[in-house]
Amino acid sequence: MLGYFVVTVLLGWLAKRRVRQSTDQFFIAGRAVGTFTNSWAFLATLASGGTIMAAVGMTLFLGLPYTVSLAAGATFGFAVAALLVARPLRRVGKYTVPDFFNERFNNPLIKVTAPIIIVIASAAYMVAQLTGSGIVASAILGWDYKLGVLVTGVIFVLYTSLGGFLSVTWNDVLQGVLMVVMVVTFAVVAYFSVPSFGDVYVQATNEFPSYGAVGGALSSWSYIGGFVTSATSICVLPHVIMRVYSARSTRSARLSLNYAMILYGVIVLSVAFVLAPVAATLPNIAELKPDAVFFALSASVLSPALQGLMAAAVLAAVMSTTAGLLMACNSAIGNDLYARVINPRASSKQVVRVATMSTWAIGIIAIVLALNPPEFLVVLYVAAVGFLASAFFAPMILGIWWRRCTSTGAAAGMVAGAGSFLACYLSLDLPDSSEVLIGIPVSIAVTVLASLTRRPSAQEQAVVAKVRGTATNATGGDH
């Protein structure tokens, strides 16, 4: 564990020497990340602590159908992002999701609203991840939960602030490889640790009737909402979209998304169909907290050395996702708010300085919030990305593929989607993960209706042509 911490910080320090004061290097690693590197980085960015650690307990307590719906949605989302989003975003040639919105719509309300939505959603997402790091430290090292959150939180903030996106990318490759190797190893060991794997499935369904039953612990609307959230969010998640911008070419970005989809599937299948049913054989399993099941199983079937490596893999999942979220936040504050709204004449050095300071500010806030953890990490994670999808999916997709979409429509749809999701989440007693089924349709309807109130301007039509590659001068952005 200590060795893992040292390597992550060392990679951050080495990246700092290359990044220096360049915004292009700090935010998207100089647009020079290759297919192999980006494939593992895409995986590490999306495969969070919930994907590995929390999913074992979640699958038992909330049911296999919920896990499958999230995984199937993510797999579908990778394909949607590769087909509908990767190439147009590369043509824009910027850094962030708000950069695309500014280029496409140039709306004052969007310039302020989009970064704020990113910071709110990313902070909630990070709280779920940091909670996982505290559980790791408590289960494996015997540390107090709060001490684990503080130590791991400071480490990922440190290496992110040192080397920016280049540091995050180098660490993501290490973390992605570690995740896949250790999860597959854990699944193989767990499979051979039981006399009959068929009997294990029978015991799992007897001990946890909701494990294989549709509508057991959760409503069917939760499954649909989970699928829709995963499928739509990959197209708009800020820390995922930044990887599209950082790729060496459009083809590389699309290949990386497809390779990452395969690797992600390997992890989820191993967790849901091997680790979860074997965990059901543990004594007193029903008395454990859902997010503690993973390490109870680890202690039961793995040697101490493999337990340490598995804990490092979970921390890799936590820290890679959290570092990507931090980059989304610091770019939203430094690049989108400070450089675009507050001080348009800011130098690259000033923008990087503001981004670095915001990295520490957002990181400290997330650490403090994570000291009082939620019960289910995955449910909080799904809510955070559902909020983002409700706000951004309609303006993003319609802004690319519907010529009549106007800046007024996009701004109205963004606010309506975010507002309706929050109203449902905070005020209504809806099934878990189903709020997005209201947020996205509301956003689409408002975007379309508001856009139909006037025809798009010539400037807006010219930007659409550039984004879609149909402009006569749209060359060079798709290299």
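## Helix packing and aromatic contacts in a predicted model

The side chain of Thr359 reaches the backbone oxygen of Ala355 at a distance of 2.8 Å. This description rests on a predicted model. Thr359 belongs to helix 15, which spans residues 348–370. Because its relative accessibility is 0%, below the 20% limit, Thr359 counts as buried.

A second region of interest is the packing of two helices. Two packed helices are described by the angle between their axes and the distance between the axes. The axes of helix 12 (residues 250–279) and helix 13 (residues 293–301) come within 10 Å and cross at roughly 80°. Helix 12 and helix 13 are therefore roughly perpendicular to each other. The residues that make this contact are set out below.

| Helix | Residue range | Contact residues |
|---|---|---|
| Helix 12 | residues 250–279 | Leu275, Val278 and Ala279 |
| Helix 13 | residues 293–301 | Val293, Phe294 and Leu297 |

In the contact of helix 12 with helix 13, six residues are nonpolar, with no polar and no charged residues.

The aromatic side chains form a further set of contacts, with a count of twelve aromatic pairs. One of these joins Phe186 and Phe294 in an edge-to-face arrangement, with 5.4 Å centre to centre and 90° between the planes. The pair links distant parts of the chain, since Phe186 lies in helix 8 (residues 145–192) and Phe294 in helix 13, 108 residues apart. Both Phe186 and Phe294 are buried. Phe294 also takes part in the contact between helix 12 and helix 13. Elsewhere, Phe100, Phe101, Phe105 and Phe392 form one aromatic cluster.

Key
Residues numbered from 1 in each chain as written. Predicted model: local features only at pLDDT ≥ 70, side-chain atom pairs only at ≥ 80, totals over all residues. Heavy atoms only, no water. Axes fitted to C-alpha atoms, helices over the stretch in contact; angles between N-to-C directions. Helix = DSSP H or I, 4+ residues; strand = E, 2+ residues; numbered from the N terminus. Parallel < 35°, antiparallel > 145°, perpendicular 65-115°, else oblique. Contact = heavy atoms within 4.5 Å. Nonpolar A, V, L, I, M, F, W, Y, C, P; charged D, E, K, R; others polar. Phe/Tyr/Trp six-rings, centres within 6.5 Å; stacked < 30°, edge-to-face > 60°. Buried < 20%, exposed > 50% of the residue type's maximum accessible area, 1.4 Å probe, protein only. Polar contact = N/O pair within 3.5 Å; in protein donor to acceptor, adjacent residues only side chain to side chain.
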